[in-house]
Amino acid sequence: MDGLLLFAHGARDPAWARPFETIARGLGAARPGLPLALAYLEFMAPDIEQAAAQLVAAGCRRVHVLPLFLGTGGHVRRDLPDLLQRLRAQHGDGVEWLLHPPLGDHDAVLQAISQACLAVLE
């Protein structure tokens, strides 16, 4: 079974997480049978190991990891691959971890942001 792990940076201010929680709720409503977890790099819970364990416990054997970042900075290039290596070591060969490009690399997201920017002029 496939699962989706959304990965965001995290912040000390709980209000920062609201958009990501809205995304997770929307995905859950759109795909009610999809095992889904939202994880944070720092400051917030769950962290990636806790979220991954939740998906594995739900029976996921392939987990799509989607960074909710606008760009491919150090966290996506260095930190996230290291975290995935730890998950592979913890969960063994029974789970496949597929890292996808961050949201900011998706044309649809960039187009939506461009449209939102133009909408403030109307």
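Reader: What makes β2 mostly covered?

Author: In this predicted model, five of the five residues of β2 are buried. A residue counts as buried when its relative accessible area is under 20%, so β2 is called mostly covered.

Reader: Which residues cover the two faces of β2?

Author: Take the faces in turn: Leu 36, Leu 38 and Tyr 40 are on one side, while Ala 37 and Ala 39 are on the other. They are all buried, and both faces of β2 are therefore covered.

Reader: How do you know that β1 and β2 pair?

Author: Pairing needs at least two bridges between the strands. Five bridges join β1 (residues 2-8) to β2, so the two strands pair. They run parallel, and one of the partnerships is that of Ala 8 with Tyr 40 in β2.

Reader: What unit do β1, α1 and β2 make?

Author: Together with helix α1 (residues 18-30), the two strands make a right-handed β-α-β unit. The term applies because, with the strands pointing away from the viewer, the path from the first strand over the helix to the second runs clockwise.

Reader: Moving on to the loop after β2, why is Phe 43 called partly exposed?

Author: Phe 43 lies in the loop between β2 and α2. Its relative accessible area is 45%, which falls between the 20% and 50% cut-offs, so Phe 43 is partly exposed. Phe 43 also has a phi near 70 degrees, a positive value in a residue other than glycine.

Reader: Where in that loop is there a cis peptide bond?

Author: The cis bond joins Ala 45 and Pro 46, with omega at about 5 degrees. Pro 46 lies in the loop between β2 (36-40) and α2 (48-57). For background, most peptide bonds are trans, and most residues other than glycine have a negative phi.

Reader: How many disulfides does a search of the whole structure find?

Author: Zero. A disulfide needs a pair of cysteine sulfur atoms within 2.5 Å, so no pair meets that limit.

Reader: Are Cys 60 and Cys 117 buried or partly exposed?

Author: Cys 60 has 0% relative accessibility, under the 20% limit, so Cys 60 is buried. Cys 117, at 47%, is partly exposed because that value lies between 20% and 50%.

Reader: What makes Ile 113 eligible for a nonpolar patch on the surface?

Author: Patch residues need over 30% relative accessible area and no salt bridge. Ile 113, in helix α4 (residues 107-119), has 35% and therefore passes the area cut-off. Ile 113 forms the patch with Leu 70 and Leu 110, with about 270 Å² of accessible area together.

Key:
Residues numbered from 1 in each chain as written. Predicted model: local features only at pLDDT ≥ 70, side-chain atom pairs only at ≥ 80, totals over all residues. Heavy atoms only, no water. Helix = DSSP H or I, 4+ residues; strand = E, 2+ residues; numbered from the N terminus. Buried < 20%, exposed > 50% of the residue type's maximum accessible area, 1.4 Å probe, protein only. Patch = residues over 30% accessible without salt bridge, like charges linked within 9 Å, V, L, I, M, F, W, Y side chains within 5 Å. Areas by Shrake-Rupley, 256 points an atom, 1.4 Å probe, with all protein chains shown as cover. Salt bridge = Lys/Arg side-chain N within 4 Å of Asp/Glu carboxyl O.
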